[in-house]
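Pull up the model and give it a spin before reading on. We'll start from one side chain and work outwards from there.

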Amino acid sequence: MAKPKIASDWMAGCAGCHMSLLDMDERILAVAELADLRATPITDLKEPDASGVDVGVLEGGINNTANEEVAHKMRQRSKILVALGDCAVFGGVPALRNFCGVQAALQRAYLEAESNDAEVKIPDDPELATMTRVRALQEVVPVDVYVPGCPPDADVIFHVLSELAQGRKPEVKGELLHWH
Ligand code: SF4
């Protein structure tokens with residue numbers, strides 16, 4: 001029987017959730033025994049197969065139209081969609097800007113931060129922040145499994161992926177959840 005396919009990608013946030021996935025260390029081999037790891041930090045492919053995957057894992061909040069496209073593409077191509085980490089689950093760190101607005105956040109980060117020199121300007125990059133507020137994944141597409149944490153521990157990621165790879169919906173118990 002063919003192994004289930006797993007793909008992952010990230011949106012607005014940081015690489016912390018993907019680093020935590022890599023922190024599974026040798027347990028990655030155990031997951032690879034159970035599943036065909038497609039677009040993941042391990043294979044470095046950038047998006048899920050057009051033919052679709054069984055499990056799509058997305059980290060990060062939705063901050064711009066590029067993030068929105070990633071969310072829709074992963075949803076369309078995945079039978080089960082996992083929101084990995086606080087940014088995907090409820091907006092997390094990038095959604096802090098929702099309280100002050102895009103321009104105020106960019107001004108504070110680029111023009112007012114003491115660590116920046118006088119030459120620094122707000123980048124003219126449409127990918128930077130094109131939406132008035134950062135949204136959680138479930139505000140844009142339906143989500144099947146939520147894995148909170150910033151980042152979620154490698155233990156909980158291993159539990160979730162190995163359960164899904166064996167066709168079971170994972171139960172993420174409170175004792176597995178930690179915030180660093
Ligand atoms: Fe980074 Fe935390 Fe967001 Fe994961 S949940 S992308 S570790 S800020």
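Does N67 count as buried or exposed? This is a predicted model, so take what follows as a reading of a prediction. In it, N67 has a relative accessibility of 10%, and because buried means under 20%, N67 counts as buried. The residue sits in helix 3, and its side chain reaches the backbone nitrogen of N63 at 2.9 Å. If you set aside the neighbours within four places in sequence, N67 is in contact with M11, A12, G61 and I62.

Let's zoom out to the helix itself. Helix 3 covers residues 65-77, and its end C-alpha atoms are 18 Å apart; that agrees with the 18 Å that 13 residues should span at 1.5 Å a residue. At the start of helix 3, there is another asparagine to look at: a side-chain oxygen of N64 comes to within 3.1 Å of the backbone nitrogen of A66. As for what is tucked away, the buried residues of helix 3 are N67, A71, M74, R75 and R77. It helps to keep helix geometry in mind here. An α-helix has 3.6 residues a turn, so residues three or four places apart point the same way. The cover over the buried residues of helix 3 includes strand 1 (5-10), strand 3 (53-59) and strand 4 (78-84). Helix 3 lies across those strands, strand 1, strand 3 and strand 4, and runs at about 135° to strand 4.

That brings us to the sheet. Five strands make up an open sheet with parallel pairing, in the order 2-1-3-4-5. Strand 2 (36-37) and strand 5 (145-147) stand at the edges; each has a single partner strand, so one side of each is left without a neighbour in the sheet. Going inwards, strand 1 and strand 3 pair in the parallel sense over five bridges, with W10 opposite E59 in strand 3. Strand 3 is also joined to strand 4, in parallel, by six bridges, and there V53 stands opposite S78 in strand 4. Three bridges then join strand 4 to strand 5, which run parallel too; one pair to look for is A83 and its bridge partner in strand 5, Y146.

Helix 6 (residues 154-165) packs on this sheet as well, where it touches strand 1, strand 3, strand 4 and strand 5, and its direction makes about 165° with that of strand 5. Back in the sheet, strand 3 is mostly covered, with six of its seven residues buried. One general point is handy when you look along a strand like this. In a regular strand the side chains alternate between the two faces of the sheet.

Now for the nonpolar packing. The largest nonpolar core has 21 residues, and the members that touch the most others are I6, M24, V57, V82, V147, I157 and L161. Helix 1 (16-22), helix 2 (27-34), strand 3, strand 4, strand 5 and helix 6 each supply at least two residues of this core. Which element gives the most to it? That would be helix 6, with seven residues. Apart from this core lies another, of 16 residues, and A7, M11, L58 and L81 are among them. M11 may ring a bell: it is one of the residues in contact with N67.

Two bits of backbone deserve a stop on the way. In the loop between strand 5 and helix 6 you'll find P151, and the peptide bond from C150 to P151 is cis, with omega near -10°. The other stop is D25, in the loop between helix 1 and helix 2. D25 has a positive phi of about 50° although it is not a glycine. Its relative accessibility is 49%, so D25 counts as partly exposed.

Finally, step back to the whole chain. There are six helices and five strands, and from the N terminus on the elements run β-α-α-β-β-α-β-α-α-β-α. Of the 180 residues of the chain, 43% count as buried. Among contacts between residues at least 6 apart in sequence, 77% join residues at least 24 apart.

Key: Residues numbered from 1 in each chain as written. Predicted model: local features only at pLDDT ≥ 70, side-chain atom pairs only at ≥ 80, totals over all residues. Heavy atoms only, no water. Helix = DSSP H or I, 4+ residues; strand = E, 2+ residues; numbered from the N terminus. Expected span 1.5 Å × (residues − 1). Buried < 20%, exposed > 50% of the residue type's maximum accessible area, 1.4 Å probe, protein only. Contact = heavy atoms within 4.5 Å. Polar contact = N/O pair within 3.5 Å; in protein donor to acceptor, adjacent residues only side chain to side chain. Pairing = 2+ DSSP bridges. Axes fitted to C-alpha atoms, helices over the stretch in contact; angles between N-to-C directions. Core = buried A, V, L, I, M, F, W, Y, C linked by side-chain atoms within 4.5 Å.
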